[in-house]
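Could you walk me through this model in the viewer, one selection at a time? I'd like to know what to click on next and what I'll find there.

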Amino acid sequence: MSATIYQPSADFVQKAHVAGMAAYEALCKEAETDYQGYWGRLAKELISWKTPFTKVLDESNAPFFKWFEDGTLNASYNCLDRNVEKGLGDKTAIIFEADGGEVTKVTYSQLLAKTCQYANALKSLGIQKGDRVVIYISMSIEGVAAMQACARIGATHSVVFGGFSAQSLRDRIEDTGAVAVITADNQVRGGKLLPLKSIVDEAIALGGCDAIKNVLVVKRSGADIAMTAGRDLWMADVADQQATTCEPEWVSAEHPLFLLYTSGSTGKPKGVQHSTGGYLLHAALTTKWTFDLKQDDVFWCTADIGWVTGHTYITYGPLALGGTEIVFEGVPTYPDAGRFWKMIQDHKVSIFYTAPTAIRSLIKAAEANDAVHPKSYNLSSLRLLGSVGEPINPAAWEWYYEHVGGSRCPIVDTFWQTETGGHMITPLPGVTPMVPGSCTLPFPGIQAAIVSETGEDMPNGQGGILVVKRPWPSMIRNIWGDPERFKKSYYPEDFKGKYYLAGDGAIRDEKTGYFTITGRIDDVLNVSGHRMGTMEIESALVSCTELVAEAAVVGRPDDTTGEAICAFVVLKRALPNTDEGKAIAKQLRDHIAKEIGPIAKPKDIRFGENLPKTRSGKIMRRLLRSLAKGEEITQDISTLENPHILGQLGQAY
């Protein structure tokens, strides 16, 4: 762990929602001595309930825990109506900046009106409480309104990232049993038009989407697109004629607010099911405490709404607190790599939350060109920085702290997952002395621990498996339609079914007790903060049946993306020469982009006549990891059936 410790300023501490270590320790002690009382108090303070809950936690059917179950609420009411009723109707809710730089602002009253029109449009098509709606759309005010509209009528939304392929979209539509898709004609990223509606058409044509009755299309580019009569409708044609008021559907706290698919090690994506009450509580609470959100802040989370970060820290958390936030359509390097810094300057952003991958790519650009260096912009509005998606390496942390935050902004290096709903281990900016590369201490009320493979607590200074010992309100409720997989994935018998298994290794510092995440313990890769199962990528490679006989995928460290995908491929033909290898590697990358999405393209592809296997036929993945990293093979290879192929697998394309 880095030896340098960075303290929050006395001024920041004094004004923070959670001010000083004594305040943090008092919250942790409250949670420890009266766990249910602690969460019950916060749920009453941060959420408006239609019917107040009488019971906080039901553990009778563990690990299927229930929180605030007899209480009723509506997430959209909590994010929109409540703020209008408090007199914030004219306050800016969203500042939207399009790829080309055009800016649109909407107030809370305007966002509520649009959400109600969308909700009424959905109801007019027969969509009701409990139905699933897939949203496949670009970053936009319309995307947020579509999510809020689903929540308003009690429909469960499942947002699919706009970079996923038709096959990936089809799989998610089928698994949810969705009755409708909300999409746009195109999305605009980096000056390019990228299709959305045509990919929806392709996905539905693949079959298995029989429950889909309607496809609602938001007009973004105005380009000509195919519309299927009787199924496809322009959102404006249905929504603009609707009333701007819509009574919220009051639902149980345990009602599924959304499903979000995350990669699993078995290849089939997992539909992570989140509740309404517990999820919304943690979204609001972490936005308030981790980001120290105040009424005059301008908050910018750069994530896409297709990922959980965009759900919690764009669509729900900041709006539940009446915050003003940025929604950005484009990419950080268009029209140049100063885009983020220019936007912070133009919109006077005070809280900035992005991924280490983005930071690392912008460091390279800034060091090559002063014009896009943060020092060329006025970033004095910033008071807090955040990092999300993967551990941030100390060198990137220190650059971010010095050059973006002017050595005055605390950095909250947040550890959490799709399954956890919100931050689990993170500095609190008015509390925690920061150490670059460490996510520091658990959020108050989260009982994180590091244990051995048999569930015994590990002493500080020794690595182990990260677990959470007690349920918490925003935790995953189930894997959609697969309770057995939920139990096996998150509450395995190794830990007597008692502890939530995060799937990451971690270590605590001997002196400070700070947590550092050391990487995945399963076959899930983390590329630019996006989790992908190795099996999923291997399956996509092998589905290229004319070329590929066998494939194995591992990760290797990468300076820009944190982890890079490395694929080892056995072809159905002789080993290619260099030029052929390049051509085949490109063909395979394009195939994976089509099957899964561009984010899953391997950085390295290596060819061999076989894969390194033991005599019993097991692939030696640890050898592949060493090869991917360019390490000298020092492991015992006497059990290998075919040691000679290690030489073949040395060249990366």
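Here is a tour in six stops through this predicted model.

**Stop 1: the open sheet.** Start by selecting the seven strands that line up in the order E5-E4-E17-E16-E18-E19-E20. They form an open sheet with mixed pairing. Colour strand E5 (103-107) and strand E20 (411-413) differently and you've marked the edges, since each of these two pairs on one side only. From one strand to the next, the twist averages 20°.

Now zoom in on strand E16 (residues 298-301) and strand E17 (residues 324-328). They run parallel and are joined by three bridges. Show Trp-300 as sticks, and you'll find it opposite Ile-326 in E17.

**Stop 2: helix H13.** Next, select residues 356-368, which make up helix H13. Try a distance between its end C-alpha atoms: they are 19 Å apart. Why does that agree with expectation? Because 13 residues at 1.5 Å a residue should span 18 Å.

Then look at which parts of H13 are tucked away. The buried residues are Pro-356, Thr-357, Ala-358, Ile-359, Arg-360, Leu-362, Ile-363 and Ala-366. To see what covers them, bring up their surroundings, which include helix H12 (339-347), helix H14 (394-404) and four strands: E18 (351-354), E19 (384-387), E28 (548-558) and E29 (562-571).

**Stop 3: a threonine in a loop.** Go to Thr-426, in the loop between E20 and strand E21 (448-451). Is Thr-426 buried or exposed? With a relative accessibility of 2%, it counts as buried, because the cut-off is under 20%. Leaving aside neighbours within four places in sequence, its contacts include Thr-290, Val-412, Asp-413 and Thr-414, and also Cys-439, Thr-440, Leu-441 and Phe-443.

**Stop 4: the cores.** Nonpolar side chains tend to be buried together in soluble globular proteins. Here, the largest nonpolar core has 168 residues. To find your way in, select Trp-39, Tyr-316, Leu-466, Val-569 and Leu-588, which have the most contacts inside this core. Then add helix H6 (residues 141-153), which gives the most to it, with nine residues.

Stay with Tyr-316 for a moment. Not counting residues up to four places away in sequence, Tyr-316 touches a set that includes Ala-75, Cys-79, Met-147, Gln-148, Ala-151 and His-311. Apart from the largest core lies another, of 33 residues; Tyr-6, Leu-382, Trp-397 and Tyr-400 are among them.

**Stop 5: a hairpin.** Select strand E26 (residues 524-527) together with E27; the two pair in the antiparallel sense over four bridges. Val-524 has Gly-533 in E27 as its bridge partner. Two residues sit between the strands of this hairpin, and Ser-528 takes a positive phi near 55°.

In a regular strand, side chains alternate between the two faces of the sheet. For E27 (residues 530-533), both faces are covered: His-530 and Met-532 are buried on one side, Arg-531 and Gly-533 on the other.

**Stop 6: the annotated pair.** Finish with Val-542 and Val-548, where an unreviewed UniProt entry places the feature "binding site". Val-542 is found in helix H16 (residues 534-542) and is partly exposed, with a relative accessible area of 34%. Val-548 is found in strand E28 and is buried, with a relative accessible area of 2%.

Show both as sticks: beyond its sequence neighbours up to four places away, Val-542 touches Val-548, Glu-550 and Ala-551. With the same kind of neighbours left aside, Val-548 is in contact with Leu-541, Val-542, Val-569, Val-570, Lys-572 and Leu-588.

How values were computed:
Residues numbered from 1 in each chain as written. Predicted model: local features only at pLDDT ≥ 70, side-chain atom pairs only at ≥ 80, totals over all residues. Heavy atoms only, no water. Buried < 20%, exposed > 50% of the residue type's maximum accessible area, 1.4 Å probe, protein only. Pairing = 2+ DSSP bridges. Axes fitted to C-alpha atoms, helices over the stretch in contact; angles between N-to-C directions. Expected span 1.5 Å × (residues − 1). Contact = heavy atoms within 4.5 Å. Core = buried A, V, L, I, M, F, W, Y, C linked by side-chain atoms within 4.5 Å. UniProt positions renumbered as here; feature names shortened; annotations may be inferred.
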